[in-house]
Amino acid sequence: MNTDDFKFLVDRIKDRSGIVLSADKGYLIESRLVPVAQRNGLTTVEELVKKMRATPNAALMEEVTEAMTTNESFFFRDKTPFDFLKDYIVPQFLQSRGSNKRLNIWCAAASTGQEPYSIAMVLKEMNAKMPGWSYKILGTDLSNDVLEKAKTGTYSQFEVQRGLPINLLVKYFKQTGETWMIDPAIRAMVEYKYFNLLESFAPLGKFDVIYLRNVLIYFDRETKKSILERAAQLLAPDGYIILGAAETVIGITDALRPLKTHRGLYERNSAAAGTGLAGKATSTLAGATSSRPSSVLKTSGTAAGRR
Amino acid sequence: MKKCLVVDDSRVIRKVARQILEELDFEISEAGDGQEALEYCQAEMPDAILLDWNMPIMSGIDFLKALREESNGHEPVVVFCTTENDMKHITEAINAGANEYIMKPFDRDILEDKFSEVGLV
Ligand SMILES: C[S@@+](CC[C@H](N)C(=O)[O-])C[C@H]1O[C@@H](n2cnc3c(N)ncnc32)[C@H](O)[C@@H]1O
């Protein structure tokens with residue numbers, strides 16, 4: 001591929017998805033876009049680029065972008081983000097939320113569904129401790145292909161062995177031949193929607209917990225900052241954002257701050273600029289969050305005791 | 001260093017498992033059937049056992065039942081590793097005291113995931 005074509009593709013893909021492809025990713029573009037070219041009756045990436053240059057074609061652009069996403073995911077990936085929910089976040093809400101027994105969770109890069117379903121299983125397992133609570137788990141992604149797979153809730157033998165404890169496999173999956181299908185009750189706890197993180201978050205509503213994991217790694221600093229700050233605004237004052245193991249807010253934005261006790265967990269930094277809070281609201285919220293340290297000690301104590 | 005007994009009648013599988021587990025810092029011993037494995041355990045309980053199901057002389061499930069009857073037989077963490085991949089076998093294994101279950105074919109990622117699931121890694 002010549003450098004002109006490479007730059008054309010890199011620019012278009014970044015515009016559309018935020019995904020940054022560095023100069024050494026030529027091979028990746030080539031290997032992933034040849035099949036796209038073929039599906040469109042062409043043979044080479046050069047021809048594909050020619051077609052894209054000739055007439056703007058939204059469907060083709062979407063196909064190209066989807067082909068460049070990395071969708072790897074597995075159940076209970078990294079484990080701690082799900083332990084935090086069970087041992088820290090939910091126990092805290094149980095204490096502090098009073099009659100507001102709603103839990104809204106957003107998986108902002110849901111991929112093939114392992115992450116939202118892991119969350120659903122955690123909550124299902126906690127059912128007895130959460131009488132009267134209702135939950136909504138929203139799973140969104142830029143790729144329609146992965147969303148379609150997520151919606152079916154079916155996984156290969158290989159996929160159900162990555163991160164999923166055997167007791168949960170037995171409890172929440174049904175087997176048909178080599179594939180495993182998730183329990184309809186778990187399936188029903190998750191709603192899937194197409195959503196591009198570059199678009200306005202306003203229509204999504206408010207969330208108590210946002211899982212934003214293993215997607216910021218593909219973006220440049222500006223895109224990361226914008227997504228993190230807009231996500232912070234969707235977060236309830238006592239809510240949390242959970243990032244992937246290789247992701248952080250440090251050096252990017254002060255709209256969120258890391259919890260020292262829980263690696264990968266972030267809360268709103270209401271004192272900071274850029275959170276969309278001003279004047280009075282800021283001081284009330286700052287007052288509210290300053291009571292956090294005592295509850296941190298209390299709840300993490302309970303969590304440890306339970307183990 | 002934690003000790004892991006690899007029980008499988010296939011020498012190839014034992015070798016593959018040994019390679020992966022040694023990299024995860026286990027000291028490996030091998031047994032070719034359930035009887036051999038039981039004798040090993042009666043002499044010295046390992047920390048972990050990777051266990052095939054179908055083997056000559058004594059099967060994995062019979063070994064597991066006998067192991068759990070031994071006085072220190074509850075100690076080792078037992079991870080089944082077998083081509084038996086249906087719910088009936090999995091449930092039977094769990095009821096007999098297996099801690100985790102791998103359906104063959106497996107790879108390094110699955111083995112590592114399952115061992116960390118039961119707190120071995
Ligand atoms: C590696 S997966 C992460 C899956 C899951 N969160 C996890 O940690 O296992 C990254 C996902 O981000 C999605 N993605 C990439 N750019 C996106 C964008 N601009 N908007 C929404 N999703 C995007 C990809 O389609 C892909 O499914």
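A polar side-chain atom of N71(A) lies 3.0 Å from an oxygen atom of the ligand in this predicted model. D141(A) also engages a ligand oxygen: an N or O atom of the D141(A) side chain is placed 2.6 Å from that oxygen atom. S17(A) contributes through its backbone instead. There, a backbone N or O atom sits 2.8 Å from a nitrogen atom of the ligand. The protein buries 99% of the 610 Å² that the ligand exposes when taken alone. In total, 22 residues surround the ligand. S17(A), S73(A), R77(A), D141(A) and N214(A) come nearest. S17(A) and D141(A) thus appear both in this nearest group and in the polar pairs described above.

Chain A contains 12 helices and 10 strands. The chain has 307 residues, and 51% of them are buried. Contacts between residues far apart in sequence are prominent in the count. Among the chain A contacts with a separation of 6 or more, 72% join residues 24 or more positions apart. The exposed surface of chain A comes to about 13900 Å². Carbon and sulfur atoms supply 56% of that surface.

Chain B holds an open sheet of 5 strands. The strand order is β2-β1-β3-β4-β5, and the pairing is parallel. Strands β2 (26-31) and β5 (100-103) of chain B form the edges, each pairing on one side only. From one strand to the next, the twist averages 20 degrees. Within the sheet, strand β1 (residues 2-7) of chain B runs parallel to strand β3 (residues 48-51) of chain B. The two strands are joined by 4 bridges. In this pairing, V6(B) of the chain stands opposite L50(B) in β3(B).

Helices pack on this sheet. Helix α2 of chain B, spanning residues 34-43, touches β1, β2 and β3 of chain B. The direction of helix α2 makes about 160 degrees with that of β1(B). Helix α5 of chain B covers residues 108-117. This helix lies across β1, β2, β3, β4 (77-82) and β5 of chain B. Helix α5 runs at about 170 degrees to β5(B). Strands β1, β2 and β3 of chain B therefore feature in the descriptions of both helices, α2 and α5, with contact taken as heavy atoms within 4.5 Å.

Key:
Residues numbered from 1 in each chain as written. Chains lettered and ligands numbered in written order. Predicted model: local features only at pLDDT ≥ 70, side-chain atom pairs only at ≥ 80, totals over all residues. Heavy atoms only, no water. Pairing = 2+ DSSP bridges. Axes fitted to C-alpha atoms, helices over the stretch in contact; angles between N-to-C directions. Near = heavy atom within 4 Å. Polar contact = N/O pair within 3.5 Å; in protein donor to acceptor, adjacent residues only side chain to side chain. Areas by Shrake-Rupley, 256 points an atom, 1.4 Å probe, with all protein chains shown as cover. Buried < 20%, exposed > 50% of the residue type's maximum accessible area, 1.4 Å probe, protein only.
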